[in-house]
Amino acid sequence: MPNTPNCPKCQSANTYFDGMLFICPDCFHEFTEKTSEVVEEVATKVIDSNGTELLDGDEVTVIKDLKVKGSSMVVKRGTRVKGIRLSSEDPTHIEGKVDGSSIYLMTCFLKKG
Ligand SMILES: [Zn+2]
């Protein structure tokens, strides 16, 4: 018995494959792939000030003088930050190293490249 996915319509396990489609004998639903396993991705995109998607490892340029919270450090406009890391919890911030310190930067003040 080939392992067929459950019917995405009625969840029946009696589905069979006819060479082209999976067919559910219970509700006569025909389907192609394992659609029942499609998981809705709610991954939030991390975007820069231009709406360009940022990815782990990208290089960004700071477009505005930024004060670093909790320190006297100021990240100057035009500072390039290499190898950024995205935060899994907060899409409005990325982590990057500036002058050897790991800091969080707001993505709305960054430009990719
Ligand atoms: Zn069905």
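1. Four donors count as tetrahedral if all their angles lie between 85 and 135 degrees. Keep that cut-off in mind for the metal site here, and remember that this is a predicted model.

2. On to the zinc ion. Its donors are the SG atoms of Cys7, Cys10, Cys24 and Cys27, sitting at 2.2 to 2.3 Å. The angles these four donor atoms subtend run from 106 to 112 degrees, so the arrangement is tetrahedral.

3. Along the sequence, the donor residues follow the spacing C-x2-C-x13-C-x2-C. Take cysteine 10 and cysteine 27: this pair links distant parts of the chain, 17 residues apart. Cysteine 10 belongs to the segment before strand E1 (16–17), while cysteine 27 is in the loop between strand E2 (22–23) and strand E3 (30–31).

4. Are those two cysteines buried or exposed? Neither, quite: cysteine 10 has 35% relative accessibility, so it counts as partly exposed. Cysteine 27 is partly exposed too, with a relative accessible area of 28%.

5. Now the largest pocket, which has a volume of about 220 Å³. Its lining consists of Leu66, Lys67, Val68, Lys69, His93, Ile103, Tyr104, Leu105, Met106 and Phe109. Strand E5 (66–67) and strand E10 (101–106) are the elements that give two or more residues to this lining. Which element gives the most? That is E10, with four residues.

6. If you care about the chemistry of that lining, the classes break down as seven nonpolar, one polar and two charged residues.

Definitions and conventions: Residues are numbered from 1 along each chain as its sequence is written. This is a predicted model: local features need pLDDT of at least 70, side-chain atom pairs count only at pLDDT 80 or more; totals for chains, interfaces and linings use all residues. Side-chain values use heavy atoms; hydrogens and water are left out. Donors are N, O and S atoms within 2.8 Å of the metal (3.2 Å for Na, K and Ca); water is not among the atoms, so sites may look incomplete. Four donors count as tetrahedral if all angles lie between 85 and 135 degrees; four count as square planar and six as octahedral if opposite donors are over 155 degrees apart and all others between 65 and 115; anything else is irregular. Buried means under 20% relative accessible area, exposed over 50%, partly exposed in between (1.4 Å probe, protein chains only). On a 1 Å grid over the protein atoms alone, a cavity is a set of points where a 1.4 Å probe fits but cannot get out, and a pocket is an open set with protein on both sides within 12 Å along at least five of seven lines; lining residues have an atom within 4 Å of a point. Grid points are joined across faces, edges and corners, and a volume is the space filled by probe spheres set on the points. Ala, Val, Leu, Ile, Met, Phe, Trp, Tyr, Cys and Pro count as nonpolar, Asp, Glu, Lys and Arg as charged, and the others, Gly among them, as polar.
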